[in-house]
Amino acid sequence: MQQDEIWDNEAAKSYDTPGTGMFSPDVLEPAVERLAQLAEGGAALEFAIGTGRVAVPLSERKVPVAGIEFSPAMVVQLRTKVDEATIPVVIGDMATATAPGSYSLVYLVYNTISNLLTQEEQVACFRNAARHLSPGGCFVVELWVPELRKLPPGQQAVVWQSETGYIGLDTYDTLHQQVVSHHVRFGEGRQAEVFRSPHRYIWPAELDLMAQLAGFERESRHADWGGAPFTAESRSHVSVYRLLGEVSRRP
């Protein structure tokens, strides 16, 4: 599965779930609040901006926001909310594409860095963030923690959510550090809809090393956008990396 095959027109049109899931106020508002604080009055750049779930409300907080997005179909949906003058977007790969200007904040939300399927691409993403940041700027990554402790010997799948009409499960390839997320939605009949997306999972310590290679140091790590402590039981984290200096701007 290639990213352009996954994030097509059909996926883009069904991506938004206003008021529920990752669009619910209790999920979205703390993220926007924290990012507005980290922007410190400067401009922000979102890698994989998508349909603008975070960028639009952040822009409404008077933070100048731009984006990089691989999928033209996702940007079409974004344009139903705001125009190019309000939130300019460059179409391209977040590991290599460049947006004009300099930013005090670059951010990646909701596990998106794992859409890059090799370690090399993920390291390049950190370096690309550094290229866009002004000195002392920060790069923020929201990412899930691989749930390998739930895998007994011989089992490759973890069910991470099960509710009426929906099952979410991940299948792991631990040899290659790959995972495929399966989202199954169904009603009362026999038919079901399956959406799958491949990822390369990253341990928090590996993420920190990627940051060091790009000239960052970790400033903080919390279990959520509200600042809850990160522990061995945390299922995800929000990590803030501060740019140290010009060394990070090497290609």
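Which residues does T112 touch, not counting those up to four places away in sequence? I opened the predicted model with that, and I found A48, M94 and E142 touching T112.

**Confidence**

I looked up the confidence before going further. The mean pLDDT of the protein chain is 90, and 92% of its residues reach 70 or more. I then looked for a weak stretch and noted residues 247-251, where pLDDT stays under 50. The model has 15 contacts beyond four places in sequence for residues 247-251. I leave those contacts alone, because predicted coordinates should not be read in detail where pLDDT is low.

**T112 and A48**

I went back to T112 for its setting. T112 lies in the loop between β4, residues 103-108, and α6, residues 119-132. Is T112 buried or exposed? I have T112 down as buried, because its relative accessibility is 14% and the cut-off for buried is under 20%.

A48, one of the residues that T112 touches, is itself in a loop, between β1 (44-47) and α4 (55-60). I checked the backbone of A48 and found phi near 60 degrees, a positive value in a residue other than glycine.

**Q177 and T96**

I noted a positive phi at Q177 too, about 55 degrees, although Q177 is not a glycine. Q177 has its place in the loop between β7 (166-173) and β8 (178-186). I count Q177 as buried because its relative accessibility is 18%.

For an exposed loop residue I took T96, in the loop between β3 (89-91) and β4. T96 is exposed, since its relative accessible area is 55% and the cut-off for exposed is over 50%. I also took the C-alpha to C-alpha distance from T96 to P18, which is 31 Å, with their positions 78 residues apart in sequence.

**H183 and E193**

I turned to strand β8, where H183 has its place. H183 counts as buried because its relative accessibility is 16%. What is H183 in contact with, leaving aside its neighbours within four places in sequence? I listed W160, Y166, I167, E193, V194 and F195.

I looked up two C-alpha distances from H183. F195 is 12 residues from H183 along the chain, and their C-alpha atoms are separated by 5.1 Å. E193 is 10 residues from H183 in sequence and 8.0 Å from H183 in space.

E193 is in strand β9, residues 192-200. With neighbours within four places in sequence left aside, I found E193 in contact with H183, V184 and R185.

**α6 and α7**

I finished with a helix pair. Two packed helices are described by the angle between their axes and the distance between the axes. How do the axes of α6 and α7 cross, and within what distance do they come? I have the axes of α6 and α7 (residues 204-213) coming within 8 Å and crossing at roughly 55 degrees. I therefore call α6 oblique to α7, an angle of roughly 55 degrees being neither under 35 degrees nor in the 65 to 115 range. The crossing of α6 and α7 is right-handed.

I listed the residues that make the contact. From α6 they are Q119, Q122, V123, F126 and R127. From α7 they are E206, L207, M210, A211 and L213. By class, I have six nonpolar, two polar and two charged residues in the contact of α6 with α7.

I also asked which residues of α7 are buried. My list reads P204, E206, L207, D208, M210 and A211. The buried residues of α7 pack against α6 and against the strands β5 (133-144), β9, β10 (216-222) and β11 (236-243). Strand β9 is also where I placed E193. My last entry is G215, which follows α7 and has a positive phi near 90 degrees.

Conventions:
Residues are numbered from 1 along each chain as its sequence is written. This is a predicted model: local features need pLDDT of at least 70, side-chain atom pairs count only at pLDDT 80 or more; totals for chains, interfaces and linings use all residues. Side-chain values use heavy atoms; hydrogens and water are left out. Helices (H or I, at least four residues) and strands (E, at least two) are DSSP runs, numbered from the N terminus. Buried means under 20% relative accessible area, exposed over 50%, partly exposed in between (1.4 Å probe, protein chains only). Contact means heavy atoms within 4.5 Å. Axes are lines fitted to C-alpha atoms, for helices over the stretch in contact, and angles run from 0 to 180 degrees between N-to-C directions. Angles under 35 degrees count as roughly parallel, over 145 as roughly antiparallel, 65 to 115 as roughly perpendicular and the rest as oblique. A crossing is left-handed if the near helix is turned anticlockwise from the far one by less than a right angle, and right-handed if clockwise. Ala, Val, Leu, Ile, Met, Phe, Trp, Tyr, Cys and Pro count as nonpolar, Asp, Glu, Lys and Arg as charged, and the others, Gly among them, as polar. pLDDT is the predictor's confidence in each residue, from 0 to 100.
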